[in-house]
Amino acid sequence: MPYLFTTIGPKQAAELGMILPHEHVFVDLRTWDQPGYAEGQAEDVIALVAPEIRKARNAGITALVECTPVGVGRRVDILKAVSKATGFPLVVPTGVYREPWIPPWIHEASEAQLREWMQSELEGQVEETGVRAGFIKLSAGDDGITPTEAKVLRAAAQAAKPTNSVIGSHTIRGRVVRDQLDIIEKSGYSPSRFIWIHTQAEPDFALHLEMARRGAWLEYDSIGNPEEDSMFIDWIRKLLDAGFEKQLMLSHDRGWYDPAQPGGGKPQPYTYLAETFLPRLRATGVTEETIKRLVCENPFRAFARN
Ligand SMILES: [Zn+2]
């Protein structure tokens, strides 16, 4: 039976409802060599973000995927503390972001060493936290995949295979996703276990369709600006009409405690989708069954694994 592996243990589909597939609790977008990088106290993060998690739960959200990999301030120890304080499950990744955020040890590691590292976090735990990684998060350059990013992706495909883990990639250009899917196929893994994170950043909708036809998950994950609602609704309806109801996910890419800001900055709420966007989508005639598919069933199916 497939489970969603979370900071507070594995969860079955029946225990969950609406899941946000792309949000953040703690992120540091400075590179690893900057003073103070990824530093923070769990109690400060809890004070800032726990109220937003409580509001999300009140809006019907039952779990949130925390998409911060190595390179942009992954702190699974802090995420676990936030989960304990709120009783709310978070899914955390193994994997590493793109250049120039990739730290030296990843550049130096062999493909086999990277596979072993990711697989150990998917099958065991992340660092000494006792938390199992739920999936692999990585990224690729806007102008093309660098040799190190390709090495990470090949290692990810090998690490994901034994556990059927999903690989999510922050990729801004559709033509770069095309190359990533080629690498995944050559590595003997399936595009159906790949999430194109930030699909909306690619303005050419034909490329959204192309990747969906190849079997990849699409993710519109910057929902939250009312001025963009009609664009998202238009794209969603076109994907539904084209039969891709089972390959689409929706999220905000919001939060979070940022150690580069005084006091962690000001967090953005996780509630726009549930409280504002979905009612607008419903009003265009999208059925309750389809909405449930998009925000409950799809994220579970994408991230759940053995
Ligand atoms: Zn993000």
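A nonpolar core is a set of buried Ala, Val, Leu, Ile, Met, Phe, Trp, Tyr and Cys residues joined through side-chain atoms within 4.5 Å. The exercises below concern a predicted model.

**Exercise 1. The cores**

Determine how many residues the largest nonpolar core has, and which of them have the most contacts inside it.

*Solution.* The largest nonpolar core has 78 residues, and those with the most contacts inside it are Val 25, Ile 167, Ile 236, Leu 250 and Phe 277. Turning to the helices, one finds that α5, which covers residues 147–160, gives the most to this core, with eight residues. A second core, separate from the largest one, has 17 residues, among them Val 65, Cys 67, Val 91 and Trp 217. As a last step, take Ile 236 and set aside residues up to four places away in sequence: Ile 236 then touches Tyr 220, Leu 248, Leu 250, Phe 277, Leu 281 and Leu 294.

**Exercise 2. Two packed helices**

Classify the packing of helix α8 against helix α9 by angle and by handedness, and list the residues that make the contact.

*Solution.* Begin with the geometry: α8 (residues 229–241) and α9 (residues 272–283) pack at an angle of about 60°, and their axes are 10 Å apart. Because of this angle, α8 is oblique to α9, for an angle counts as roughly parallel under 35 degrees and as roughly perpendicular from 65 to 115. The handedness is a further property, and the crossing of α8 and α9 is right-handed. On the α8 side the contact is made by Asp 229, Phe 232, Ile 233 and Ile 236, and on the α9 side by Tyr 272, Phe 277, Arg 280 and Leu 281.

**Exercise 3. A residue of α9**

Decide whether Arg 282 is buried, partly exposed or exposed, and describe its surroundings.

*Solution.* Arg 282 has its place in helix α9. Its relative accessible area is 34%, so Arg 282 is partly exposed, given that buried means under 20% and exposed over 50%. Leaving aside neighbours within four places in sequence, Arg 282 is in contact with Glu 288 and Ile 291. From Asn 225, Arg 282 is separated by 57 residues in sequence and by 18 Å in space, C-alpha to C-alpha.

**Exercise 4. The zinc site**

Identify the protein donors of the zinc ion, give their spacing along the chain, and state whether His 22 and His 24 are buried or exposed.

*Solution.* The protein donors are His 22 through NE2, His 24 through NE2 and Asp 253 through OD, and they lie 2.1 to 2.3 Å from the zinc ion. Along the chain, the donors follow the spacing H-x1-H-x228-D. His 22 has a relative accessible area of 1% and is therefore buried, and His 24, at 7% relative accessibility, also counts as buried.

Terms used. Residues are numbered from 1 along each chain as its sequence is written. This is a predicted model: local features need pLDDT of at least 70, side-chain atom pairs count only at pLDDT 80 or more; totals for chains, interfaces and linings use all residues. Side-chain values use heavy atoms; hydrogens and water are left out. Donors are N, O and S atoms within 2.8 Å of the metal (3.2 Å for Na, K and Ca); water is not among the atoms, so sites may look incomplete. Buried means under 20% relative accessible area, exposed over 50%, partly exposed in between (1.4 Å probe, protein chains only). Helices (H or I, at least four residues) and strands (E, at least two) are DSSP runs, numbered from the N terminus. Contact means heavy atoms within 4.5 Å. Axes are lines fitted to C-alpha atoms, for helices over the stretch in contact, and angles run from 0 to 180 degrees between N-to-C directions. Angles under 35 degrees count as roughly parallel, over 145 as roughly antiparallel, 65 to 115 as roughly perpendicular and the rest as oblique. A crossing is left-handed if the near helix is turned anticlockwise from the far one by less than a right angle, and right-handed if clockwise.
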